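Welcome! Here is a short tour of where protein and DNA meet. Have a look at the model, then read on.

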Number of protein chains: 2
Amino acid sequence: MKNAKDILAVLKASGSKMTRVRIAAVEVFAGNAAPITALQLGAALARRGVDVNKTTLYREIAFLAGKGFVEEIDFGDRVTRYELKDAGHHHHVVCVRCDRVVDVDLDRDLDSQEKAIAQKTKFTILRHSLEFFGLCASCK
Amino acid sequence: MKNAKDILAVLKASGSKMTRVRIAAVEVFAGNAAPITALQLGAALARRGVDVNKTTLYREIAFLAGKGFVEEIDFGDRVTRYELKDAGHHHHVVCVRCDRVVDVDLDRDLDSQEKAIAQKTKFTILRHSLEFFGLCASCK
DNA sequence: CTGGATGCAAACTCTTTGCACGGAG
DNA sequence: CTCCGTGCAAAGAGTTTGCATCCAG
């Protein structure tokens, strides 16, 4: 469900109000491949003529996250990024110089590792967080 | 080099001053398996009778990190954790309920995945960050 | 109308910086 | 005696909360 119209339709059907901010925010997320910060979302909305207070930004993001349409991504730089939750779990390669982000799918992800770790540690593994950092083609 | 005495010896040899804070901080790190936050380090030092201002905490951590003895660990909760840099790269399994942390080594880590990603994306991969989250034996 | 959505200001948490004082070598 | 190390206060950045107002349905 990477389509703004579909997401908005589901939200509307579930009784959520269709506000300017909500519509524009979903459109921005749907049009953005890379994870963005709350403030970047605000800038993107402003560019579309929708000026939004930062409080509202965080609240709208929390709302969309609560509905399961948006998920948190953490690059370890103390700023939380968000992106549309994809059906297929994927990871990110981040350029440490220009911050460009590319999505990658792992052939078999970490399922086998997770199983091994679960056995070894007696943990039930719920999820993992994996990001790669390096230099993109134009930065090296 | 997981031994406080060795680390302190190297620091001393390189001309760094041996202060109460420095000695105690290295000892705390050496005695702690799990990554700790700056404030947790402060609490641990206080327990040893060494009261340290938070500014000094951050500066001492930055100092040790700069010397290569400590590295940043990020669990994605907007708090930076630190641990002694181990010779062998390892990952963490974090209990989402009680915050217990267990170290794990991956059999072959992610070398093959990194190679595949480098080819696919034209990035030069420098490092990755990988943490597992789940429930520990006593919490499930 | 009514409750969810929004804005503004202020609070909060973690972290960093400026400046003056203190202590290790 | 010299600098590195330290403390205190204040500033920053990102995020959250309280409260009054606004607007979609």
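## Where the protein meets DNA

The surface near DNA strand C is made up of five nonpolar, six polar and eight charged residues. Here Ala, Val, Leu, Ile, Met, Phe, Trp, Tyr, Cys and Pro count as nonpolar, Asp, Glu, Lys and Arg as charged, and the others, Gly among them, as polar; a residue is near a strand if one of its heavy atoms lies within 4 Å of it. This is a predicted model, in which local features need pLDDT of at least 70 and side-chain atom pairs count only at pLDDT 80 or more, while totals for chains, interfaces and linings use all residues. Residues are numbered from 1 along each chain as its sequence is written, chains are lettered from A and ligands numbered from 1 in the order in which they are written, and side-chain values use heavy atoms, leaving out hydrogens and water.

Among the 19 residues around DNA strand C, those that come nearest are A:Lys17, A:Arg22, A:Arg59, B:Lys17 and B:Tyr58. For DNA strand D, also with 19 residues around it, they are A:Tyr58, B:Thr19, B:Arg22, B:Thr56 and B:Arg59.

The table lists some polar contacts (pairs of N or O atoms within 3.5 Å).

| Residue and part | DNA atom | Distance |
|---|---|---|
| A:Lys17 side chain | strand C base nitrogen | 2.4 Å |
| B:Thr80 backbone | strand C phosphate oxygen | 3.0 Å |
| A:Thr55 side chain | strand D base oxygen | 3.2 Å |
| B:Thr56 side chain | strand D phosphate oxygen | 2.6 Å |

Of the atoms of DNA strand D within 4 Å of the protein, 53% belong to sugar or phosphate and the rest to bases.

Terms used
Polar contact = N/O pair within 3.5 Å; in protein donor to acceptor, adjacent residues only side chain to side chain.
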